[in-house]
Amino acid sequence: MRFCLPPLSINGLGNQFFCWAKAFIASQELGATLLHPAWSRNPRGYRHLFGTPPLDWEAYRLLTKALPVFEFNQEDYQTAGGGDYGKAVQAFAKAKGLDERRAYVLITPGMWGGYAAIRHAQHFVLAQLYAAKNTSRHLYSLSKQLHAGHLTVA
């Protein structure tokens, strides 16, 4: 019962995805279960786009009350040498003895580290965005409006 979770937040999509990408990397490095952002309280309706449960926020709060919680923050990242987020998470986990724990929640907040820190999660992020409700339909509609041979910036 090891979980990696972005912090409970009602931030915008980019901020949420940044933390989710970090949680994805951490879950891969630590062999933990990745949890999606708690979209249920976000006023922008992300829960409907990503098909998540209406009570995820409450479930995550219970989970963080029931299990030990560790937060991998900017200071921990810098202490581990910065750079590759996965390697930094591994160093943090070793220092905290997470490999010896059967259960915990690792929270991955913040946009620190920039895009370089989450570059290995690029395909995960794209997969999540493409899986959002009606994305393919909207992209198809937009692509029909573009002119072949013209430069498109988006």
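A biologist and a modeller talk through the sheet, the cores and the largest pocket of this model.

Biologist: What kind of model is this, and how are residues numbered?
Modeller: The model is predicted: local features need pLDDT of at least 70, side-chain atom pairs count only at pLDDT 80 or more, and totals for chains, interfaces and linings use all residues. Residues are numbered from 1 along each chain as its sequence is written, and side-chain values use heavy atoms, with hydrogens and water left out.

Biologist: Why are β1 and β2 called paired strands?
Modeller: Two strands pair if DSSP finds at least two bridges between them. β1 (residues 2–5) and β2 are joined by two bridges, in the parallel sense. So they meet the definition. Phe3 has Thr33 in β2 as its bridge partner. Strands here are DSSP runs of E, at least two residues; helices are runs of H or I, at least four residues; both are numbered from the N terminus.

Biologist: What makes β2 and β3 edge strands?
Modeller: Four strands form an open, parallel sheet in the order β2-β1-β4-β3. β2 (33–34) and β3 (69–71) each pair on one side only. β4 has three bridges to β3 and four to β1. Val69 is partnered by Val105 in β4, and Cys4 stands opposite Leu106.

Biologist: How do you know which way the β4 side chains point?
Modeller: Tyr104 and Leu106 point one way, Val105 and Ile107 the other. These residues are buried, that is, under 20% relative accessible area (exposed is over 50%, partly exposed in between; 1.4 Å probe, protein chains only).

Biologist: What makes a nonpolar core?
Modeller: Buried Ala, Val, Leu, Ile, Met, Phe, Trp, Tyr and Cys residues, joined through side-chain atoms within 4.5 Å. The largest such core has 32 residues; Phe72, Tyr77, Tyr85, Val89 and Leu106 touch the most other members. α1 gives the most to this core, nine residues.

Biologist: Why is the largest pocket called a pocket and not a cavity?
Modeller: On a 1 Å grid over the protein atoms alone, a cavity is a set of points where a 1.4 Å probe fits but cannot get out; a pocket is an open set with protein on both sides within 12 Å along at least five of seven lines. Lining residues have an atom within 4 Å of a point. The lining includes Gly14, Phe17 and Tyr115. α1 supplies the largest share, four residues.
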